[in-house]
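Subject: Structure handover

Hello,

Here is the structure we discussed, with my notes below it. Please open it alongside this email.

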Amino acid sequence: MQEIIVASHQAGQRLDKLLQKLLPGAERGFLYKMLRKKNITLNGRKAQGNEIVSQADRLQFYFSEETYRKFGGKQNGYSAENALRPFLEAYAALKDVTVIFEDSNILICNKPAGVLSQKAKEGDLSVNEWLIGYLLRTGQIDFEILASFKPSVCNRLDRNTSGLMLLGKTLSGSQHLSQWIRGRNIRKFYRLFAYGKVREPFYVRAYLTKDERTNKVTVSDKQQPGSDFIETRCTPLRVYGDISYLEVELLTGKPHQIRAHLSSIGHPLIGDFKYGQREINETFRRAFGVESQLLHAYRLEFPQIEDEDFRDLSRAVFYAPEPEIFDRIRKLYKV
């Protein structure tokens, strides 16, 4: 008989979902059969599979050691070392990702420009892999934990956008962050440089349509088939000649929203070679080495939170230091 004690990161999910993670080599029908026959029990009792497991619940598996290892995927050359290598490599390679805040459930990091939030293809290194590597290196998770739950990013930034990202260390952390993000309870502010002189605050609403083939979006003031409603609020911080330093609050979070929205009203981001103006981008490439949009996720503001497990986040505000190039442009740019 094998026994597993449900850990905090595993709690809050259906028993059948957890069993599929613990025994990825077993068919769904087999798992339900084992539940019916009481070869898998929950706290010593027969279970249906739809129960929500809690921390410290006991799962018993009345299998042979060989069968348990087989269904757990630990055969045919599979090893913990091979499974963990990509995460440890990402943690070692992405040294510029820094921790801004951390508690037992979530982590907030500062992502530099040029780093993926999640990998796009096999072999990519991203913040998602960095997070697991970080938790492995700091002893917060191990191979057995990863068999049933993988910590992950809860919001995305474009590869060339820098700044704050929200990461779930536990299932509860991921669920709460996702809930707050969907409910627009966490306010998100960005700093950027855009073309043109912006001297007054403005608020704009529009509709965004994404072309999956080109990975590019278009913005219209009228709803189109397949479009999403977007809202953006902008506050000017300072004008430097023919460019403006702005703070933007992202009221809805859609792909490329800030970049495409500002471009659609005549204020494309500096360095944005997808939605921007080629001539001014080339000027900044030559003068400052700008190769991508000057867009930084600068500040996160959390709501009032009553849950004791997340009390440190209640009304908390987090900042990510701006990239060094922002300061250089403020000091040196002249029309």
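The protein chain holds 10 helices and 14 strands. Bear in mind that this is a predicted model.

Overall picture first. The C-alpha trace of the protein chain spans about 75 × 40 × 35 Å along its principal axes. The chain has 335 residues, and 47% of them count as buried. Its accessible surface is about 17,100 Å². Carbon and sulfur atoms account for 45% of that surface. Take the contacts between residues at least 6 apart in sequence: 64% of them join residues at least 24 apart.

Now charge. The protein chain carries 51 positive and 40 negative side chains. The centres of these two sets lie 3 Å apart. On the surface, one patch of positive charge stands out for a look. It gathers Lys-33, Arg-36, Lys-37, Lys-38 and Lys-46. Lys-46 sits in the loop that runs between β2 (40-42) and β3 (58-61). Its relative accessibility is 48%, so Lys-46 counts as partly exposed; the cut-off for exposed is over 50%.

Strand β3 also deserves a stop. Arg-58 is located there. With 33% relative accessibility, Arg-58 is classed as partly exposed, because that value falls between the limits of under 20% for buried and over 50% for exposed. Which residues does Arg-58 touch, leaving out those up to four places away in sequence? They are Glu-3, Ile-4, Ile-5, Thr-41, Leu-42, Asn-43 and Gly-44. For a sense of distance, pair Arg-58 with Arg-328: they are 270 residues apart along the chain, and their C-alpha atoms are separated by 57 Å.

Last, helix α8. Is it enclosed by the rest of the structure or open? Helix α8 covers residues 257-264, and 6 of its 8 residues are buried, so the rest of the structure largely encloses it. The buried ones are Gln-257, Ile-258, Arg-259, Ala-260, His-261 and Leu-262. What do these buried residues pack against? Their partners are strands: β8 (187-195), β9 (202-211), β10 (216-220), β11 (228-240), β12 (243-250) and β13 (295-301). Just after α8 comes Gly-266, with a positive phi of about 90°.

I would start with α8 on screen, then turn to Arg-58 and the patch.

Best wishes

Technical notes: Residues numbered from 1 in each chain as written. Predicted model: local features only at pLDDT ≥ 70, side-chain atom pairs only at ≥ 80, totals over all residues. Heavy atoms only, no water. Patch = residues over 30% accessible without salt bridge, like charges linked within 9 Å, V, L, I, M, F, W, Y side chains within 5 Å. Areas by Shrake-Rupley, 256 points an atom, 1.4 Å probe, with all protein chains shown as cover. Salt bridge = Lys/Arg side-chain N within 4 Å of Asp/Glu carboxyl O. Lys, Arg positive; Asp, Glu negative; His and termini not counted. Charge placed at Lys NZ, Arg CZ, Asp CG, Glu CD. Helix = DSSP H or I, 4+ residues; strand = E, 2+ residues; numbered from the N terminus. Buried < 20%, exposed > 50% of the residue type's maximum accessible area, 1.4 Å probe, protein only. Contact = heavy atoms within 4.5 Å.
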